[in-house]
Amino acid sequence: MAKRPGGVTIVAVIVWIQGFLSALGGALLMIGANTPNGNLQGMQVAGLVSLILGIITIIVGVGLLRGSGVARVLTTIVLVLSIASAVYAMITTGNVATQIISLLLAVIGLILLYTKAASDYFRSA
C-alpha cells in the first residue's frame, strides 16, 4: 500500500471535524426540542437527521484514512454539493464572505483528494 499523503489526512481531519460538529448540533437540537417554546417534532427530526449524518461523516473520514475508494467518492459528492450550495447561497442571500470560505475549502478538499499521490494511495488500498 502506498504511503498516505498529507493532503488525504488533512481532508479526513476536516471531515471528522465537520461530522463532529454536525452530530453535536443534532444532539443540541434534540435537547432544545424539549423546551416549552420548541417545535418538538420538527426539531427532533432535524436533530436526529443531523446526528445521523454527523456519525456517517465521521465514518467516511475513517474510510479516507484507510484508503477506501467509496469514502473518496462520498467525500467528493459532499464537496461538490458544498460548492453548489455556496454558489447558490452567494446568489440568493448575498452572504458572500462566509460562502467564499466554504467554497474554497471544498475546492481545496477536492484538489487534495485527486492529486497524483492521493490517487496512487486510493488505488493501492
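This report walks through the confidence, first helix, nonpolar core and largest pocket of a predicted model.

## Model and confidence

Residues are numbered from 1 along each chain as its sequence is written, and side-chain values use heavy atoms, without hydrogens or water. Local features need pLDDT of at least 70 and side-chain atom pairs count only at pLDDT 80 or more, while totals for chains, interfaces and linings use all residues.

The chain's average pLDDT (the predictor's confidence in each residue, from 0 to 100) is 89, and 94% of the residues score at least 70. Among the elements (DSSP runs numbered from the N terminus: helices, H or I, of at least four residues, and strands, E, of at least two), α5 has the highest mean, 95, and α2 the lowest, 88.

## Helix α1

With 27 residues, α1 should span 39 Å (1.5 Å times one less than its number of residues), and its end C-alpha atoms are indeed 39 Å apart.

Several α1 residues are buried (under 20% relative accessible area, 1.4 Å probe, protein chains only), including V8, V11, V15 and G19. Their cover includes α2, α3, α4 and α5.

## The nonpolar core

The largest nonpolar core (buried Ala, Val, Leu, Ile, Met, Phe, Trp, Tyr and Cys residues joined through side-chain atoms within 4.5 Å) has 15 residues, of which V8, V11, L64, L79, L113 and F122 touch the most other members. Helices α1 to α5 each supply at least two residues, and α1 gives the most, four.

Beyond its neighbours within four places in sequence, L79 is in contact (heavy atoms within 4.5 Å) with A106, G109, L110 and L113.

Conventions
Buried < 20%, exposed > 50% of the residue type's maximum accessible area, 1.4 Å probe, protein only.
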